[in-house]
Amino acid sequence: MISITVTALVFGVVFLAELPDKTALAGLVLGTRYRASYVFAGVAAAFALHVALAVAAGSVLTLLPQQLVHALTGVLFLGGAAVLLLKKDESEEEVRRPENQSFWKVAGAGFMLILVAEFGDLTQIMTANLAARYDDPLSVGLGAVLALWAVAGLGIVGGKALMKRVPLKLITQIAALLMLALGVWSLWEAIAG
């Protein structure tokens, strides 16, 4: 059964953490050059694969003693918060342009870009942590994939408008504060448990 609370929490944290990421900017670049639906199909498939891998890794962590899992996820969340607060602003990266505009070429370019760029990325590690923390792979996976798809959709369709209205620094700070809170909470549970 899917937990709406866990799904919503995961969606919020992953969404905020992914917004200032380079892949949102790459989606924006691809979306300005190619048919948006083709780009989204490739990007969405790559994100679904990344979430599945992250949830599987997080589910393995649930086999460890609960106190150890809380301590590990707490430290990783605090590390993620530090990464968000300390990272420099990312600039738009040049994306290799497929020779033609066919669905498979464009979707394949989007898929490969995300597959490579997101492997071991902060949001993938965060998703694994959340899967371990809540021991609810379906809810965590659903929240994470919907958040990543939402960011990709925003980046592809309306990224320029969003970035003009909401400063990336503010989004990054909110995501870092959420991760900091989750880290402190996890460490408290490790100590109290």
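**Group meeting: the N-terminal segment, helix 6 and helix 7**

Good morning. Ile 2 counts as partly exposed, because its relative accessibility is 38%, and a residue must be under 20% to be called buried. Please keep in mind throughout that this is a predicted model.

Ile 2 lies in the segment that precedes helix 1. On the surface, Ile 2 joins Ile 4, Phe 11, Leu 138, Leu 142 and Leu 146 in a nonpolar patch, and together these residues have about 520 Å² of accessible area. Helix 1 and helix 7 are the elements that give two or more residues to the patch. The largest share comes from helix 7, with three residues.

Ile 2 also appears among the contacts of Ser 139. That serine belongs to helix 7, which covers residues 137-165. Is Ser 139 buried or exposed? Ser 139 counts as buried, because its relative accessibility is 0%. Leaving aside residues up to four places away in sequence, Ser 139 touches Met 1, Ile 2, Ser 3, Val 6 and Thr 7.

I turn now from the surface to the interior. The largest nonpolar core contains 30 residues, and Val 10, Val 14, Val 39, Leu 130 and Val 140 have the most contacts inside it. Two or more residues are given to this core by each of helix 1 (4-18), helix 3 (36-61), helix 5 (103-118), helix 6 and helix 7. Which helix gives the most to this core? Helix 7 does, with eight residues.

Val 10 illustrates how these residues meet. Beyond residues up to four places away in sequence, Val 10 touches Phe 15, Leu 130, Val 140, Gly 143 and Ala 144. Two of these partners, Leu 130 and Val 140, are themselves listed with Val 10 among the core residues with the most contacts.

Leu 130 brings us to helix 6, residues 122-134. This helix has 13 residues and reaches 18 Å from its first C-alpha to its last, close to the 18 Å expected at 1.5 Å a residue. Helix 6 is largely enclosed by the rest of the structure, because eleven of its 13 residues are buried. The buried residues include Leu 122, Met 126, Ala 128, Leu 130, Ala 131 and Ala 132. Thr 123, Gln 124, Thr 127, Asn 129 and Arg 133 are buried as well. Just after helix 6, Asp 135 adopts a positive phi of about 45 degrees.

To close, helix 7 gives the most to the largest nonpolar core, and the largest share of the nonpolar surface patch also comes from helix 7. Thank you.

Technical notes
Residues numbered from 1 in each chain as written. Predicted model: local features only at pLDDT ≥ 70, side-chain atom pairs only at ≥ 80, totals over all residues. Heavy atoms only, no water. Helix = DSSP H or I, 4+ residues; strand = E, 2+ residues; numbered from the N terminus. Buried < 20%, exposed > 50% of the residue type's maximum accessible area, 1.4 Å probe, protein only. Contact = heavy atoms within 4.5 Å. Expected span 1.5 Å × (residues − 1). Core = buried A, V, L, I, M, F, W, Y, C linked by side-chain atoms within 4.5 Å. Patch = residues over 30% accessible without salt bridge, like charges linked within 9 Å, V, L, I, M, F, W, Y side chains within 5 Å. Areas by Shrake-Rupley, 256 points an atom, 1.4 Å probe, with all protein chains shown as cover. Salt bridge = Lys/Arg side-chain N within 4 Å of Asp/Glu carboxyl O.
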